[in-house]
Amino acid sequence: MTRGIYVSATTPGSGKTLVSLGLADVLHRHADKIGFFRPITSGPDAEQDPTVVMLRRMYQLDPDVCRAGMSGAEARALLAAGKREEIDARCVEIYSEIAKKCDVVIVEGTDLTGQDAAVEFDLNARLANNLGLPVLAVIGARGLTAEESADAVDVARKELVAANCSLLAMMVNRADPETVDAIRAAVRPGASHRPVYVIPEIAEISRPTTGEVAKTMNLQQIAGSPELERDVHAIKVAAMTVGNFLHLLDANDLVIVPGDRADVMVASLASAFSPEFPVPSGMILTGGLAPDPNVLPILAHAPFPIFRHDDDTFSTARAVIEVRSEIHSGQRRKIAAAMGAWARSVDEAELLERMALPRPATMTPLRFLHELIERARSERKRIVLPEGNDVRVLQAAEILHRRDVCELTVLGDPNTVAELAAAHGVVLDGVDIVDPATSPLRETFAVEYQKLRAHKGVDLARAREVMADGSYFGTMMVQLGYVDGMVSGAAHTTANTIRPALEFVKTRDGVRLVSSVFLMLLADRVLVYGDCAVNPEPNEEQLADIAIASAETAAQFGVEPRVAMLSYSTGGSGSGTAVDAVRRATELARAARPDLAIEGPIQYDAAVDAAIAASKLPASDVAGQATVFIFPDLNTGNNTYKAVQQSSGAVAVGPVLQGLRKPINDLSRGCTVEDIVNTVAITAIQAQTPVVELVETRGVSASSTTEAPAVSTSSTTETHGVSTTSTTAPESKES
């Protein structure tokens with residue numbers, strides 16, 4: 001049976017889109033298929049409703065399950081003609097079509113804007129009743145005191161009950177952050193005695209970006225950076241001397257200046273390039289005046305966008321003030337801030353209890369990635385990112401902080417990091433910046449490193465030099481418990497990431513090598529591939545070790561481990577050195593972990609196809625339903641994961657390193673911001689749920705107290721080929 005929720009604003013400017021977005025994220029993780037329906041959109045074109053477009057993109061929803069019904073103009077025309085029933089009939093028909101294809105549908109009502117707010121309130125109540133949906137009422141508290149907000153909740157509750165609506169929940173949104181606790185204390189419970197959730201006003205959402213200003217005002221960009229996601233914190237009109245103007249200029253101000261004021265333009269540019277002075281978010285040249293031809297080439301290098309507008313300075317400033325910022329602009333930084341506010345303010349478990357949703361039967365890539373974020377957020381850990389000189393790392397740090405995923409420490413010179421962040425419009429408020437070169441911890445870490453490496457002839461002077469390196473400093477932060485995990489590799493080799501961990505973090509007891517897996521996100525399930533990135537030619541014992549470690553990693557991420565030890569032969573049908581090695585590795589793994597479902601040797605088709613499995617290995621508990629695939633060597637594994645990724649559209653997440661005592665993960669140098677966000681979430685989850693030491697049950701000797709082997713990057717593939725048993729020198733990460 002399809003369930004639906006009607007999200008209804010009860011006051012103008014409630015910010016209900018944040019609630020719809022939060023609901024969509026929750027429901028996408030707890031239902032197989034969600035839908036979204038906006039009966040009446042405020043824009044002229046129902047197909048281009050911005051919230052519909054945003055949710056289609058974010059959750060990969062088909063247009064037939066994520067759509068709007070009619071434009072506001074159509075609805076008003078029908079109301080004026082006395083055809084209210086036609087609105088109801090059309091909306092019920094569309095909702096029914098969506099509901100047939102979904103487990104749960106979010107319906108978002110109108111905005112309650114304009115002079116007919118009372119009519120819209122009544123219309124929303126009537127639609128909710130006709131669709132048979134409970135109402136999640138959103139009360140806007142912007143500008144209200146705690147008592148006024150509580151009164152607004154009471155009024156909304158009484159009016160909805162009077163309209164015979166069934167109430168699912170009440171939420172107060174856009175509350176002054178200083179009054180959130182007072183509002184929570186002041187609101188009075190309804191008949192269900194369920195909590196009323198209070199979500200604060202989020203400055204990152206309410207501030208427009210330069211892109212939103214440019215789009216709303218139809219500005220022409222003539223110079224500067226193409227990045228338009230910079231938040232506009234304030235407006236500064238340059239109608240004074242340069243000295244006075246610079247005195248008042250703050251970071252992320254939007255500068256509005258006549259197009260013939262070359263002095264202000266050059267001064268703003270100089271400010272942006274100086275670490276001691278603020279960087280504007282953008283600049284608008286007014287009056288239709290083109291800058292001096294000698295100045296324009298200089299402006300081309302501005303780290304902020306520069307626009308041209310035909311109106312005078314006063315009219316331009318007034319127009320900018322009227323630009324509204326919206327979550328549905330789709331900018332990831334705003335969405336991250338909205339999701340973080342939702343997560344901090346709403347008890348999702350309690351809300352889901354009210355809805356009583358069935359557990360989803362499949363796991364889509366998008367749902368898995370969203371669950372990663374939610375699991376990481378559920379028990380916040382601190383992760384260190386050593387590469388503070390990479391803008392992708394800073395952008396990922398901002399998103400992680402806004403989404404409230406974990407605590408973060410970024411390594412780098414604070415001035416350099418601040419300058420790079422400002423140049424790209426990244427806000428790192430709340431993120432710790434630590435410089436290994438000047439940190440008081442450097443001496444502490446050097447003493448510890450010298451002690452751990454004294455048998456290798458490392459003296460204190462050498463240890464101090466080593467601890468200036470971000471990878472070593474970050475790894476020592478993990479080792480000594482200052483942070484819970486590390487993610488590196490966006491700008492460095494795999495060897496650079498792993499070597500420090502092998503030197504003093506070392507492998508877990510019972511583990512003889514570091515290995516890796518890729519989480520392969522298929523359309524309806526998650527598979528685990530190992531080892532596709534680290535060990536070029538593992539021997540029998542190492543294959544067994546990789547199999548056990550990969551099964552543990554699978555369980556850590558909610559995948560029931562059924563391990564297939566892959567070969568070109570299934571069961572006893574073939575022989576040869578390679579097949580015999582896999583057979584022996586399977587025996588070793590079974591002996592060490594008799595509790596695991598392990599099959600091998602087995603071909604890939606027999607491992608995944610039930611029909612083939614029934615003929616080749618009918619008595620196997622793994623054949624036809626394997627979830628963990630262990631490849632005999634790096635050549636096979638690396639090519640297979642890429643072939644599956646490219647030919648099936650699967651999402652490959654990783655490599656996820658396994659076997660170390662503490663979580664440290666590597667990135668590809670071609671990684672995206674989203675890759676970094678996902679890898680940090682994975683690392684935080686690894687820190688939450690450490691794999692249990694299994695020395696006795698594995699029956700293998702612990703190597704964590706022995707000297708760590710050197711790292712070799714002998715593979716020419718992008719995915720590293722790092723061997724933890726080779727003694728050759730490290731090479732480049734990628735070919």
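Is Thr-507 buried or exposed? These legends start there and then move through a predicted model, one close-up at a time.

**View 1. Thr-507 sits in a loop and touches Val-511.** You'll find Thr-507 in the stretch between α22 and β17 (515–521), which is a loop. As for the opening question, Thr-507 is buried, because its relative accessibility comes to 7% and the cut-off for buried is under 20%. Follow the Thr-507 side chain and you get to the backbone oxygen of Val-511, 3.1 Å away.

**View 2. Tyr-472 and Phe-504 make a tilted aromatic pair.** The model has 10 aromatic pairs by the ring-centre rule. In this one, the centres of the Tyr-472 and Phe-504 rings are 6.5 Å apart and the planes meet at 40°, so the pair goes down as tilted. The two partners come from distant parts of the chain, 32 residues apart: Tyr-472 belongs to helix α21 (residues 470–479) and Phe-504 to helix α22 (residues 494–505). Tyr-472 is buried, with 12% relative accessibility. Phe-504 is buried as well, at 4%.

**View 3. Tyr-604 stacks with Phe-629.** Here the ring centres are 4.9 Å from each other, with 20° between the planes. This pair also links distant parts of the chain, since Tyr-604 is in helix α25 (residues 604–608) while Phe-629 is in strand β21 (residues 628–630), 25 residues apart. How exposed is each partner? Tyr-604 is partly exposed at 29% relative accessibility, whereas Phe-629 is buried at 0%. Zoom out a little and both turn out to belong to one aromatic cluster, together with Tyr-529 and Phe-631.

**View 4. Helix α28 is mostly covered.** This helix runs over residues 673–688. Of its 16 residues, 14 are buried. Does its length agree with expectation or differ from it? At 1.5 Å a residue, α28 should span 22 Å, and its end C-alpha atoms are 23 Å apart, so the two agree.

**View 5. The second largest pocket takes the most lining residues from α28.** Stay with α28 and look at the space beside its residues: this pocket has a volume of about 1000 Å³. It is lined by 40 residues, and those closest to its centre are Leu-369, Thr-672, Glu-674, Asp-675 and Asn-678. α28 puts in six residues. Other elements giving two or more are α2 (50–59), α14 (332–345), α16 (365–378), α27 (634–648) and β22 (651–658). Sort the lining by class and you get 19 nonpolar, 12 polar and nine charged residues.

**View 6. The largest pocket holds about 1200 Å³ of space.** Its lining is made up of 40 residues, and closest to the centre are Arg-324, Ser-325, Glu-326, Ile-327 and His-328. Which element gives the largest share of the lining? That's α9, with four residues. Elements that give two or more residues include α1 (16–30), β2 (34–41), β6 (167–175) and α8 (203–206), along with α9 (210–217) itself. By class, the lining of the largest pocket comes to 10 nonpolar, 17 polar and 13 charged residues.

Key
Residues numbered from 1 in each chain as written. Predicted model: local features only at pLDDT ≥ 70, side-chain atom pairs only at ≥ 80, totals over all residues. Heavy atoms only, no water. Phe/Tyr/Trp six-rings, centres within 6.5 Å; stacked < 30°, edge-to-face > 60°. Buried < 20%, exposed > 50% of the residue type's maximum accessible area, 1.4 Å probe, protein only. Expected span 1.5 Å × (residues − 1). Polar contact = N/O pair within 3.5 Å; in protein donor to acceptor, adjacent residues only side chain to side chain. 1 Å grid on protein atoms, 1.4 Å probe; cavity = no way out; pocket = protein on both sides within 12 Å on 5 of 7 lines; lining within 4 Å. Points joined across faces, edges and corners; volume = space filled by probe spheres on them. Nonpolar A, V, L, I, M, F, W, Y, C, P; charged D, E, K, R; others polar.
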